[in-house]
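Hi,

Here is the structure I promised to pass on. Have a look at it first, and then read my notes on the side-chain contacts underneath.

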Amino acid sequence: AGDLTLSYDYLVVAPGLIDVTIHKMKLKAPVEGLFSPFDKLQEDALDSWVQQQPAGEKVCVYGWNVDVLMTVQRLMAQGVAGESITILCPKEEFSPLEDQRANELVLNATRLEGVKIEVKRELASVEAKLHRLRAAVFDDGSTMPCTTLVTHGTRGVDPKLFLALNDQSLVFDVRLVVDASFKTNDARIMAGGDLVKFEIGRAHV
């Protein structure tokens, strides 16, 4: 699809944040088997991919929050055996739930399904052959073979959206800055949701 230009009198911008793990890799080309399911379209693409993979193919899920557990359950519901799934957590401990007891129960149940959990695994990049995923690459140079990698890392603004906002000279300080009326420094452009914050220096809304 080519570029599309729309004129407007007023514009309201309200997208959610996305996982920027893959963007930080700065891959030269798309890699099949690499997913960051931040919306329904991405989730459906992951489901379709998983259903096409042979049984026993290795699957890695990267992150540290409850989304990781939800993805593991989603994968097993699609028929992926727990023994084929590895959770990769960059932190010293994988604690996706705030309640310690609930966390222990959930992780024990996850391990009983055969799912492996590895900590202190900071994802740096991936290895691919003919644009298909072959392994996860970590910051220490080690690798882990897998044909599917799902990331739930740091959430941020879509880089393409950031560039578009920057082209309009909108004030951006980690989040898009708005006033009490949700107007940006361009009175014709308003914004809301996870994307925005009120005034420079205050916590985002």
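Below is what turned up, starting with the salt bridges and then moving on to the rings. One thing to keep in mind throughout: this is a predicted model.

**Salt bridges**

The count comes to eight salt bridges. Three of them are worth walking through.

Start at Arg74, whose side chain meets that of Glu43 in a salt bridge, 3.9 Å from N to O. This pair links distant parts of the chain, as Arg74 is in helix 3 (residues 66–77) and Glu43 is in helix 2, 31 residues apart. Arg74 also meets Asp47 in a salt bridge, this time at 2.9 Å from N to O. Again distant parts of the chain are linked: Asp47 belongs to helix 2 and Arg74 to helix 3, with their positions 27 residues apart.

How buried or exposed are these three? Arg74 has a relative accessibility of 29%, so it counts as partly exposed. Glu43 comes out at 26%, and is therefore partly exposed too. Asp47 has just 12% relative accessibility, which falls under the 20% cut-off, so Asp47 counts as buried.

The third salt bridge is between Asp173 and Lys197, with their closest N and O atoms 2.9 Å apart. Here the link runs between two strands: Asp173 is in strand 12 (residues 172–173) and Lys197 in strand 15 (residues 196–198), 24 residues apart. Asp173 is partly exposed, at 25% relative accessibility, whereas Lys197 is buried, with a relative accessible area of 7%. Back to the earlier trio for a moment: salt bridges with shared partners join Glu43, Asp47 and Arg74 into one network.

**Rings**

There are three aromatic pairs by count. One of them is Phe35 with Trp49: the ring centres are 6.2 Å apart and the planes are at 55 degrees, so this pair is tilted. Phe35 is in strand 3 (residues 34–35) and Trp49 in helix 2 (residues 40–52), so to speak a link between distant parts of the chain, 14 residues apart. Both Phe35 and Trp49 are buried.

Charged side chains also sit over rings in two places I'd point you to. Lys91 lies over the face of Trp64, 4.9 Å from the ring centre. Arg121 does likewise with Phe138, lying over the face of the ring at 4.1 Å from its centre.

If you open the model, Arg74 is a handy place to begin, with Glu43 and Asp47 as its salt-bridge partners.

Cheers

Notes. Residues numbered from 1 in each chain as written. Predicted model: local features only at pLDDT ≥ 70, side-chain atom pairs only at ≥ 80, totals over all residues. Heavy atoms only, no water. Phe/Tyr/Trp six-rings, centres within 6.5 Å; stacked < 30°, edge-to-face > 60°. Helix = DSSP H or I, 4+ residues; strand = E, 2+ residues; numbered from the N terminus. Buried < 20%, exposed > 50% of the residue type's maximum accessible area, 1.4 Å probe, protein only. Lys NZ or Arg CZ within 6 Å of the ring centre and 35° of its normal. Salt bridge = Lys/Arg side-chain N within 4 Å of Asp/Glu carboxyl O.
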